[in-house]
Amino acid sequence: MRLKDLLVEELRKRGINCISFKTAKAFKYDPFQFAALMIANGKMNVCEGEGKYKFDLEGNEVDECKFVLDKCEGIIDRELLLKKAEDFPYIAIDCRYHYLHSEKEFKSLVIQIKETLNVVREYMWDERLVIAGLKTDTNATHVDKLEDFLRDKKKIILLDPNAEDVFKGEKAEVYIIGGIVDKSGNKKGLTSKLGEELRRAGIKFESKKILLRGNVIGVPDRLNHIAEIVLKVVLDGKSVEEAIREVQPRKVAKWRLRIELPKFVEKIEMGGKKFRIVRKGVINKFDWLNVTEEDFYEVASEQGVIVVNDHFRVSDNS
Ligand SMILES: C[S@@+](CC[C@H](N)C(=O)[O-])C[C@H]1O[C@@H](n2cnc3c(N)ncnc32)[C@H](O)[C@@H]1O
């Protein structure tokens, strides 16, 4: 369930069957998540009135609506909506190691934090993103030390690619993501080090890695992608594999394909020469990866493997 679902539920409960908007921004976003976000961020309320763009609760445009999202005394306001939303989790990005980043990595870190906020806004609202150890010009919650924020939290999961346990969609109050961008490859194991620091400070938490069919390769590691995978699983109820598939960039899918393709390669000999082939239909075995036919041919070619049709037999051609 996303924040917008709580808003729609509350509107229904009150017999309100539409909202209108004064701004065309409602079209850019999902209108109800946009409304929920504005209310939760304390910028607008739902009140009586009429705006230009009108939607029923299924998101269809309608001709008339007597309720508007506006800066007004609300029928539904921040306090009311947030009381219903207490169980939403926090996504916390811990940036205590920002000083280890090169200039390029640091720039990417800030971009990824902003992209994570955009993800959080699709499901919840700004305050549910917590940034520790770094000031940014966003409306997320900022804290100096993550430990202080975690002190009264009951269930905490640290997402760590080097953890022993695998994330299977366990619910938590806080999901911690390391504010780490590792383009130079010199920050291996840093998330576990962050975990050690938290443990030393007396914070109780579980460490979990996200795997795709038993391997971290193929799991996108940008902060926004990790946050999106977690939110798709814990709020939308998707499986981890489904969530990964939905956010996985083709580039990351290809890394995994490079590992998987050799498992289907056949060695043949024709006219005294040795060849490595893969049947075209093998591509259908990779519907769990975000790869296209073009990617399949590209990876095969990189590996010196010839793609042949499914009925190919050596005796036909030798
Ligand atoms: C780019 S990764 C940095 C990983 C770092 N090089 C390390 O070895 O700890 C940034 C953050 O994304 C999260 N992350 C990335 N891939 C993950 C995975 N497969 N499982 C769990 N968390 C992951 C972690 O919270 C990690 O701190």
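At what angle do the axes of helix 1 and helix 3 cross, and within what distance do they come? I would like to start there, with the reminder that what we are looking at is a predicted model. The axes of helix 1, residues 3-13, and helix 3 come within 8 Å, and they cross at roughly 90 degrees. Because angles from 65 to 115 degrees count as roughly perpendicular, that is the description that applies to helix 1 and helix 3. If you look at the side of helix 1 that takes part, you will find L3, K4, L7, V8 and L11, and these meet F32, Q33, A35, A36, L37, I39 and A40 in helix 3.

Let me stay with helix 3, since it leads us to the sheet. Helix 3, residues 31-40, lies across strand 1, strand 2, strand 3 and strand 4, the last of these being residues 67-70, and it runs at about 75 degrees to strand 1. The sheet itself is open, with four strands in the order 2-4-1-3 and with mixed pairing. At its edges are strand 2, residues 45-48, and strand 3, residues 53-56, each of which pairs on one side only. From one strand to the next, the twist averages 35 degrees.

As a brief reminder, strands of a sheet pair through backbone hydrogen bonds, either parallel or antiparallel. Here strand 1, residues 18-21, and strand 3 run antiparallel and are joined by four bridges. One residue to pick out is F21, whose bridge partner in strand 3 is Y53. F21 also appears in an aromatic cluster, which it forms together with F34 and F55.

That brings me to the aromatic rings, for which the model has a count of eight aromatic pairs. One of them is formed by F88 and W125, with 6.1 Å from centre to centre and 80 degrees between the planes, an edge-to-face arrangement. This pair links distant parts of the chain, as F88 is in the loop between helix 4 (78-84) and strand 5 (90-94), while W125 is in the loop between helix 5 (103-123) and strand 6 (129-132), 37 residues apart. F88 counts as buried because its relative accessibility is 8%, and W125, at 2%, counts as buried too.

Now consider F264 and F286, whose ring centres are 5.6 Å apart and whose planes are at 90 degrees, so this pair is edge-to-face. F264 lies in the loop between helix 10 (250-260) and strand 12 (266-270), and F286 in the loop between strand 13 (273-279) and helix 11 (293-302), so the pair ties together parts of the chain that are 22 residues apart in sequence. With a relative accessibility of 26%, F264 counts as partly exposed, whereas F286 is buried, at 3%.

Another ring to look at is that of Y90, where R128 lies over the face at 4.1 Å from the ring centre, and where K153 also lies over the face, at 5.6 Å from the ring centre.

I will finish with a point about the backbone. Most residues other than glycine have a negative phi. R213, however, has a positive phi, near 45 degrees. R213 lies in the loop between strand 11 (206-209) and helix 8 (223-234), and at 48% relative accessibility it counts as partly exposed.

Technical notes: Residues are numbered from 1 along each chain as its sequence is written. This is a predicted model: local features need pLDDT of at least 70, side-chain atom pairs count only at pLDDT 80 or more; totals for chains, interfaces and linings use all residues. Side-chain values use heavy atoms; hydrogens and water are left out. Rings of Phe, Tyr and Trp (its six-membered ring) pair if their centres lie within 6.5 Å; planes under 30 degrees apart count as stacked, over 60 as edge-to-face and the rest as tilted. Helices (H or I, at least four residues) and strands (E, at least two) are DSSP runs, numbered from the N terminus. Buried means under 20% relative accessible area, exposed over 50%, partly exposed in between (1.4 Å probe, protein chains only). A charge sits over a ring if NZ of Lys or CZ of Arg is within 6 Å of the ring centre and within 35 degrees of the ring normal. Two strands pair if DSSP finds at least two bridges between them. Axes are lines fitted to C-alpha atoms, for helices over the stretch in contact, and angles run from 0 to 180 degrees between N-to-C directions. Contact means heavy atoms within 4.5 Å. Angles under 35 degrees count as roughly parallel, over 145 as roughly antiparallel, 65 to 115 as roughly perpendicular and the rest as oblique.
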